[in-house]
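User: I'm new to reading protein structures and would like a close look at a single part of this one. Could you walk me through one helix and what surrounds it?

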Amino acid sequence: MGKPKFKQLVKYSVDLPKVKLTGYVTQTILSGSMSKVCKEQNYCFLNNRPIDMPKKMKVVFNELYKQYNTSMSPVLILSLLVEDNNYDINASPDKREVFLKNEKEVIDGLRAHLSDFFEDI
């Protein structure tokens, strides 16, 4: 990711049930070389451990982002701080696939918050 991409990132933060999500998301209105990027770039961490972004979370980000920018997917750099008893990291041998125990609550809260967030950027 070069400097032009970082200039297009907006800080994102939300407190969800038993999960604090912070990070950066690309703006919905882009300029320069960023508007030509179509490769999906997601970086996700759970309690500072790199993971594959949970599929439903990725779907929510992409679905809501595409309402404001249909030509590309968002660039996401996210950190999830999750209470110890609220996730299962033993879903795959490499520990990159994670399941949140309260996934429905988190996804519903994320969907509501992202709608307002994308309206404002």
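Analyst: Here is a walk along one helix, followed by a look at some of the parts around it. Keep in mind that this is a predicted model.

Let's pick helix α3, which covers residues 103-120. A good place to begin is Val-106, one of the residues in this helix. Is Val-106 buried or exposed? Its relative accessibility is 0%, so Val-106 counts as buried. What does Val-106 touch, if we skip residues up to four places away in sequence? The answer is Leu-16, Pro-17, Val-19, Met-57 and Leu-100. You can also compare sequence and space here: Val-106 and Asp-15 are 91 residues apart in sequence, yet their C-alpha atoms are 9.3 Å apart in space.

Now for the charged side chains. Side chains of opposite charge can pair when their charged atoms come close. The count for this model comes to 5 salt bridges, and we can go through some of them.

Start with Lys-56 and Glu-103, whose side chains meet in a salt bridge at 3.7 Å, N to O. Lys-56 sits in helix α2 (residues 55-66) and Glu-103 in helix α3, so this pair links distant parts of the chain, 47 residues apart. Glu-103 has 22% relative accessibility and therefore counts as partly exposed.

Next comes Arg-111, which forms a salt bridge with Glu-63; the closest N and O atoms are 2.5 Å apart. Because Arg-111 lies in helix α3 and Glu-63 in helix α2, the pair ties together parts that are 48 residues apart in sequence. Arg-111 counts as partly exposed at 30% relative accessibility, and Glu-63 counts as partly exposed at 39%.

Then there's a salt bridge inside the helix: the side chains of Lys-104 and Asp-108 meet at 2.9 Å, N to O. Both residues lie in helix α3, 4 residues apart, which is about one turn of the helix. Lys-104 counts as exposed, with 61% relative accessibility, while Asp-108 counts as partly exposed at 41%.

On to the rings. A pair of aromatic rings is described by the distance of the centres and the angle of the planes. The whole structure holds 5 aromatic pairs. In one of them, the rings of Tyr-12 and Phe-117 have centres 4.6 Å apart and planes at 70°, so the pair is edge-to-face. This pair also links distant parts of the chain, with Tyr-12 in strand β1 (residues 9-16) and Phe-117 in helix α3, 105 residues apart. Tyr-12 and Phe-117 are both buried. They belong to one aromatic cluster together with Phe-61, Tyr-65, Tyr-68 and Phe-118.

Some members of that cluster turn up again around Thr-28, a residue in the loop between β2 and β3. Thr-28 touches Tyr-65, Tyr-68, Asn-69, Phe-118 and Ile-121, leaving out residues up to four places away in sequence. The side chain of Thr-28 also reaches the backbone oxygen of Ile-121 at 3.3 Å. With a relative accessible area of 5%, Thr-28 is buried.

Last, a quick look at the strands. Strand β5 (residues 75-82) has 6 of its 8 residues buried, so it is largely enclosed by the rest of the structure. Strand β2 (residues 19-26) pairs with β5 in the antiparallel sense over 7 bridges, and Leu-21 stands opposite Leu-80 in β5. Strand β3 (residues 41-46) runs parallel to β5, joined by 6 bridges, with Gln-41 opposite Val-75 in β5.

Definitions and conventions:
Residues numbered from 1 in each chain as written. Predicted model: local features only at pLDDT ≥ 70, side-chain atom pairs only at ≥ 80, totals over all residues. Heavy atoms only, no water. Helix = DSSP H or I, 4+ residues; strand = E, 2+ residues; numbered from the N terminus. Buried < 20%, exposed > 50% of the residue type's maximum accessible area, 1.4 Å probe, protein only. Contact = heavy atoms within 4.5 Å. Pairing = 2+ DSSP bridges. Polar contact = N/O pair within 3.5 Å; in protein donor to acceptor, adjacent residues only side chain to side chain. Phe/Tyr/Trp six-rings, centres within 6.5 Å; stacked < 30°, edge-to-face > 60°. Salt bridge = Lys/Arg side-chain N within 4 Å of Asp/Glu carboxyl O.
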